[in-house]
Amino acid sequence: MAYITLKTPTSESHINIGFEFTEFKTQIGKSQVVIITDSNINSIYGSQFSEFKVIEIKPGEKSKSLEIIGDIYKHLLDCHIDRNGLIIGIGGGVVCDITGFVATTYFRGIRFGFVATTLLAQVDAAIGGKNGVNFQSFKNIIGTINQPDFVYCDPKMLDSLPDEQYRCGMAEAIKTSLTRNNKLFDFIDENKELIISKEYSVLQKLIYDSVKIKVSIVEADEIEKGARKILNLGHTFAHAIESKTGMQHGEAVSIGVCKAADISLKLGFLADEENKRIRELFKGFGLPTEFKFDFEELLPAILHDKKKDEQIINYILLNGIGKPVIMKFHYNELKKIF
Ligand code: NAD
Ligand code: ZN
């Protein structure tokens, strides 16, 4: 069991790793509590939080819409939740993104916390305060940055997670490992089999180290003016591929990071050996590393990506494993490189 505190100038977020998820009940105090979860999680774990009011959404990315946000506000009003309320999102990245956005905007902001139930949410989506929904065909363009009061990451909950979702979480963990020295990358590489078999102590270390890296980056640059951009490694293309094809976020991240590694190799930043290691690691977890796409076709999605600064695209390359660099390309340059 371990705690990590994420401190920003205006908040403290307490992240609990390796605790039974039902420990979230110790955080409630006298608040009126509403839980937001999706129907899959509710059917598996709902009996363990049946004493609370529950708002259930449909699983999946489609729920990240303003329409669903509107429905949730209505439920909160029906439940007489006011500014003293507490909303707890129990779920994966979709539930966390929705819960964070709802709690930040309802009554101009009420307390909230997460129980992260997917590996992707435990190593990434539940940490760092970004929330939001999709709009038209654009991913995550409506949202805020606001830290949850608490996060619980219980590795045992991953036992019920479908393999495909587990793989997707590994894509974000590998991405994170590429942004800070090579210790976590080597750990993942050396413990592949144990991670695949969900060995508890290995999983706990994987989650702890990933969270620790993300927390230190977010503490240095919460609102993504600079350093936090490195966490977008692979995401410019991932978001574009995702919105075009409906592919899972983690799979698209795997492809996006491999593309960034390829370009880093082409531009002489990354050694051939390192590029191969990165690709092999994603493949080792059954993640896709290639996707044939037409740059022109993805361009509108890339230029509407929130990382766009006019026609200049911030693109994260690798100067080596664990050595990200933020590059700025005009989209014509990027097109040429492709
Ligand atoms: P998800 O929330 O859709 O969950 C994936 C599926 O697994 C769902 O069907 C869900 O019902 C099911 N599930 C969740 N936990 C389970 C469990 N313990 N047992 C059985 N089934 C379970 O997907 P995700 O991959 O967790 O999150 C993806 C989302 O996260 C994307 O929308 C992405 O944009 C967002 N994201 C946000 C951030 C951020 O910083 N805010 C970072 C990364 C990703
Ligand atoms: Zn991501």
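A residue is called buried when its relative accessible area is under 20%, exposed when that value is over 50%, and partly exposed in between. Keep those cut-offs in mind as we walk through this structure, which is a predicted model. Take R279 to begin with: its relative accessible area is 12%, so R279 is buried.

R279 also has a partner to look for. Its side chain meets that of E290 in a salt bridge, with 2.8 Å from N to O. R279 sits in helix α11 (272-284), while E290 lies in the loop between α11 and α12 (295-303), so this pair ties together parts that are 11 residues apart in sequence. The two partners make a nice contrast, because E290 has 56% relative accessibility and counts as exposed, whereas R279 is buried.

Now step back and view the whole chain. The domain assignment gives domain 1, covering residues 2-160, and domain 2, covering residues 163-337. Taken over C-alpha atoms, the centres of these two domains are 24 Å apart. Where they meet, 30 residues from domain 1 and 35 residues from domain 2 take part in the contact.

How much area is buried between domain 1 and domain 2? The value is about 2900 Å², and carbon and sulfur atoms give 66% of it. On the domain 1 side, L119, V123 and K139 supply 20% of the area buried against domain 2, more than any other three residues. Polar atoms join in as well: 10 residue pairs are in polar contact between the two domains. If you want to trace the domain 1 side by its elements, those giving two or more residues are strands β1 (2-8) and β2 (11-17), helix α4 (119-125) and strand β8 (138-142). Of these, β1 gives the most, with seven residues.

Four salt bridges are found across this interface. You can also look up the salt bridge between D124 and K214, whose closest N and O atoms are 2.5 Å apart.

V123 leads us on to S210, a residue in helix α8 (200-220). Is S210 buried or exposed? Its relative accessibility is 0%, so S210 counts as buried. Leaving aside neighbours within four places in sequence, S210 is in contact with V123, A173, T176 and L184.

Our next stop is the zinc ion, ligand 2. Which residues coordinate this ion? The donors are E172 through OE, H235 through NE2 and H249 through NE2, at 1.9 to 2.1 Å. Along the sequence these donor residues follow the spacing E-x62-H-x13-H. E172 belongs to helix α5 (163-177) and H235 to helix α9 (235-245), so to speak two distant parts of the chain, 63 residues apart, that this pair links. Both of these donors are tucked away from the surface in the sense defined above: E172 is buried, with a relative accessible area of 1%, and H235 is buried too, with 6%.

Let us finish with salt bridges over the whole structure, where the count comes to 19. One of them joins K156 and E20, with the closest N and O atoms 3.2 Å apart. K156 lies in the loop between β9 (150-153) and α5, and E20 in the loop between β2 and β3 (33-38), so the pair ties together parts that are 136 residues apart in sequence. Here K156 is partly exposed, at 42% relative accessible area, and E20 is partly exposed as well, at 45%.

Another salt bridge brings back K139, which we met at the domain interface. Its partner is E61, and the closest N and O atoms of the two are 2.9 Å apart. E61 is in the loop between β4 (53-57) and α2 (66-78), while K139 is in strand β8, and the pair links these distant parts of the chain across 78 residues. E61 is partly exposed, with a relative accessible area of 31%, but K139 is buried, with 11%. These two residues do not stand alone, either: E61, K64, D97, K139 and E242 are linked in a network of salt bridges.

Definitions and conventions. Residues are numbered from 1 along each chain as its sequence is written. Chains are lettered from A and ligands numbered from 1 in the order in which they are written. This is a predicted model: local features need pLDDT of at least 70, side-chain atom pairs count only at pLDDT 80 or more; totals for chains, interfaces and linings use all residues. Side-chain values use heavy atoms; hydrogens and water are left out. Donors are N, O and S atoms within 2.8 Å of the metal (3.2 Å for Na, K and Ca); water is not among the atoms, so sites may look incomplete. Helices (H or I, at least four residues) and strands (E, at least two) are DSSP runs, numbered from the N terminus. Buried means under 20% relative accessible area, exposed over 50%, partly exposed in between (1.4 Å probe, protein chains only). Domain bounds come from an automatic or database domain assignment. Contact means heavy atoms within 4.5 Å. Buried area is the accessible area (1.4 Å probe) that two parts lose on being put together, summed over both. A polar contact is a pair of N or O atoms within 3.5 Å; within protein, one must be able to donate a hydrogen and the other to accept it, and residues adjacent in sequence count only if both atoms are side-chain atoms.
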